[in-house]
Amino acid sequence: MSGDPALHSRRSLTLRFDIPISRTKEFWDALREGRFVTTKCKECGNVAFPPQADCSRCMSSQFEWVDLGKEATLVTFTRVQITPASFVENDPYVIAIAEFKGGTKALAWLEGVEAEKAKPGMKVKVESRTSKEGNPYYVFVQA
């Protein structure tokens, strides 16, 4: 934190959830392996992110898994100064939207880059992480 005057609060929030992932398990398994995949509708060709069990365009449940690769381009970002209760243990952080080859966009935390140094058009790559609960997640880092 800088020396600027600030108000601080560190309240805790406990989240308990069970989210069924049977139809998106491939995404989570791939993420654990360091791959970044999503769904492509077999009927209309719509590539959706996050992965979808049913196509948002034509409602088909027939899809295939496609690899998005790891390289992307930063589209936009924002620094979250007031963290939500579920991220109370995190300092302010940067959330970004990046676009993969083919036009698919994803939202993730941007790690290792100060907001002042992030620029739209900057090359980023997606990396897998594992939460302390053992759940996989992903972040963007500068390429």
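**Charged pairs and aromatic rings**

In this predicted model, D29 and K25 are joined through their side chains by a salt bridge, with nitrogen and oxygen 2.6 Å apart. Both residues belong to helix α1, which spans residues 25-32, and because they stand four residues apart there, about one helical turn separates them. Neither partner falls into the buried class, since D29 has a relative accessibility of 26% and counts as partly exposed, while K25, at 42%, is likewise partly exposed.

A further salt bridge links the side chains of E33 and R35, here with an N to O distance of 3.0 Å. Its acidic partner, E33, reaches 56% relative accessibility and therefore counts as exposed, the cut-off for that class being over 50%, whereas R35 is partly exposed with a relative accessible area of 31%.

Elsewhere in the chain, R129 and E127 form a salt bridge in which the closest N and O atoms are 3.0 Å apart. R129 is partly exposed at 24% relative accessibility, and E127 is also partly exposed, at 27%. This pair is part of a wider arrangement, in which salt bridges with shared partners join E111, K125, E127 and R129 into one network. The count of salt bridges in the model comes to eight.

The aromatic residues give a second view of the structure. A pair of aromatic rings is described by how far apart the centres lie and by the angle between the planes. Eleven aromatic pairs are counted in the model. One of them is formed by F27 and F36, whose ring centres are 6.0 Å apart and whose planes meet at 65°, an edge-to-face arrangement. Both members of this pair are buried, F27 with a relative accessible area of 4% and F36 with a relative accessibility of 2%.

The rings of F49 and Y138 form another such pair, and because their planes stand at 75°, with the centres 5.9 Å apart, the pair is edge-to-face. F49 lies in the loop between β2 (47-48) and β3 (63-67), and Y138 in strand β8 (residues 136-142), so this contact ties together parts of the chain that are 89 residues apart in sequence. Which class of accessibility does F49 fall into? At 16% relative accessibility F49 counts as buried, and Y138, with a relative accessible area of 18%, is buried too, because the class takes in values under 20%.

These two pairs can be placed in a broader setting, for ring pairs link F27, W28, F36, F49, F100, Y138 and F140 into a cluster.

Methods. Residues are numbered from 1 along each chain as its sequence is written. This is a predicted model: local features need pLDDT of at least 70, side-chain atom pairs count only at pLDDT 80 or more; totals for chains, interfaces and linings use all residues. Side-chain values use heavy atoms; hydrogens and water are left out. Rings of Phe, Tyr and Trp (its six-membered ring) pair if their centres lie within 6.5 Å; planes under 30 degrees apart count as stacked, over 60 as edge-to-face and the rest as tilted. Buried means under 20% relative accessible area, exposed over 50%, partly exposed in between (1.4 Å probe, protein chains only). Helices (H or I, at least four residues) and strands (E, at least two) are DSSP runs, numbered from the N terminus. A salt bridge is a side-chain nitrogen of Lys or Arg within 4 Å of a carboxyl oxygen of Asp or Glu.
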